[in-house]
Amino acid sequence: MTDIKERLKGILRPGGYDPGDKIIALIKGMDDVERQAEFRIESFCGGGFAGQVYKAKLVRCDDDWLTPGALYAIKFFSTR
């Protein structure tokens with residue numbers, strides 16, 4: 001398995017994200033299974049010392065584990 005810092009390099013962007021930007025990431029549920037999911041950023045909700053939080057709409061998810069079109073919070077444990 002790839003180191004978490006290496007995995008985050010592919011999705012973290014200096015300066016954060018803007019509405020309309022897309023993020024494709026591996027997500028892991030409580031069942032401990034990783035799935036690829038694509039989100040579209042709706043808005044920046046806040047951030048600071050503990051990281052960044054975005055409101056995002058799910059575009060697609062492997063095996064429809066999450067509901068496409070639903071809104072989710074995305075948290076990055078990295079400052080803007």
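Strand 2 and strand 3 form a hairpin in which two residues lie between them, where strands (E, at least two residues) are DSSP runs numbered from the N terminus. The model is a predicted one, in which local features need pLDDT of at least 70 and side-chain atom pairs count only at pLDDT 80 or more, while totals for chains, interfaces and linings use all residues. Residues are numbered from 1 along each chain as its sequence is written, and side-chain values use heavy atoms, with hydrogens and water left out.

The pairing of strand 2 with strand 3 (residues 51-61) is antiparallel and extends over 10 bridges, two strands being counted as paired if DSSP finds at least two bridges between them. Within this pairing, Gly-46 has Val-53 of strand 3 as its bridge partner, and Ser-43 stands opposite Lys-55 in strand 3.

On the N-terminal side, strand 1 (residues 22-28) runs antiparallel to strand 2 (residues 34-48), to which it is joined by seven bridges, with Leu-26 having Gln-36 in strand 2 as its bridge partner. Strand 1 and strand 2 likewise form a hairpin, with five residues between them, and Asp-32 in the turn has a positive phi of about 65 degrees.

Strand 3 is also joined to strand 4 (residues 71-76), the two running antiparallel with six bridges. Val-53, the bridge partner of Gly-46, has Lys-75 as its bridge partner in strand 4.

How values were computed:
Helix = DSSP H or I, 4+ residues; strand = E, 2+ residues; numbered from the N terminus.
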